[in-house]
Amino acid sequence: IIANTLGYNIGTFLLNKLRLSPRIIVGVAGGLALAGVFLSSFTTSLGPFLAYFTLMNGLGCGTCYMVPLVCAWEYFPEKKGLMTGIILGALGFGSLGSPLVSTALVNPTGADPTIEDGDLTFFDASVADRVPYMIRTLVYIWGGLVVIAVLLISRKPKERVELSVKRLKEQKTLDDLSFPT
């Protein structure tokens, strides 16, 4: 959570203050996140796994998180709520597929857990040994999605953003209108 939250600030700083291209930010941060997940698939102990998976992946995902929102807000300043809802809805909807794909990769036969340890039941080696393969395969899929995102994301030119803000300020609101009593 800390790495992800730090990433939110890094992403918006790079986009708004340094005016870096969203393609560069999404490409580099997405690559960092994918590298963290990929490297975690080679670990055999909890410490390195958490370092790669939570720190690198968290920082990379957090850095990417706000970038499409800010870009959409620049193109549609009068519809920020709608743009946020569409983007976050797509993010949530996209997470529906990962569990199905990961389950198919790690447990293709649909085997049930058979090893009992007190109140817990675990899968045997035929399933457990496929976890690194599953993680790496998901990284390849997500990598393709990052490439698509890098190709599609763009930023509204700064001059056009300033013009949109000026137009919004000039528009009348209901508070500005006088109604007969």
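Begin by selecting helix α2, residues 22-40, in this predicted model, and colour Pro22, Ile25, Val26, Ala29, Gly30, Ala33, Leu34, Gly36, Val37 and Ser40, which are buried. Looking down the helix, you will find that these residues cover an arc of only 150° around the axis, which puts them on the same side of α2. An α-helix has 3.6 residues a turn, so residues three or four places apart point the same way. To see what covers the buried residues of α2, add to your selection α1, α3 and α7, which are included in that cover. If you then place a distance between the end C-alpha atoms of α2, it should read 27 Å, which agrees with the 27 Å that 19 residues should span at 1.5 Å a residue.

Next, move to asparagine 57, whose place is in helix α3. Asparagine 57 counts as buried because its relative accessible area is 15%, and buried means under 20%. Leaving aside residues up to four places away in sequence, asparagine 57 touches Ala33, Gly36, Val37 and Tyr52; among these, Ala33, Gly36 and Val37 are also buried residues of α2.

Now select helix α5, residues 97-106, where Ser102, Leu105 and Val106 are buried. Seen down the axis of α5, these buried residues fall within an arc of 85°, so they line one face of the helix. Showing α6 (125-128) and α7 (131-152) alongside will reveal what the buried residues of α5 pack against.

From here, turn to the largest pocket, which holds about 1,300 Å³ of space. To centre the view on this pocket, select Cys64, Leu91, Leu145, Val146 and Ala149, which are the closest to its centre of the 33 residues that line it. The elements that give two or more residues to this lining are α1 (2-17), α2 (22-40), α3 (46-75), α4 (80-94), α5 and α7. If you colour the lining of the largest pocket by class, you will find 26 nonpolar residues and 7 polar ones, with no charged residues.

For the last stop, select lysine 169, which lies in helix α8, residues 158-170. Lysine 169 counts as exposed, because its relative accessibility is 70% and exposed means over 50%. Finally, add phenylalanine 38 to the view: lysine 169 and phenylalanine 38 are 131 residues apart in sequence, and their C-alpha atoms lie 47 Å apart in space.

Notes
Residues numbered from 1 in each chain as written. Predicted model: local features only at pLDDT ≥ 70, side-chain atom pairs only at ≥ 80, totals over all residues. Heavy atoms only, no water. Buried < 20%, exposed > 50% of the residue type's maximum accessible area, 1.4 Å probe, protein only. Helix = DSSP H or I, 4+ residues; strand = E, 2+ residues; numbered from the N terminus. Arc of directions from axis to C-beta. Contact = heavy atoms within 4.5 Å. 1 Å grid on protein atoms, 1.4 Å probe; cavity = no way out; pocket = protein on both sides within 12 Å on 5 of 7 lines; lining within 4 Å. Points joined across faces, edges and corners; volume = space filled by probe spheres on them. Nonpolar A, V, L, I, M, F, W, Y, C, P; charged D, E, K, R; others polar. Expected span 1.5 Å × (residues − 1).
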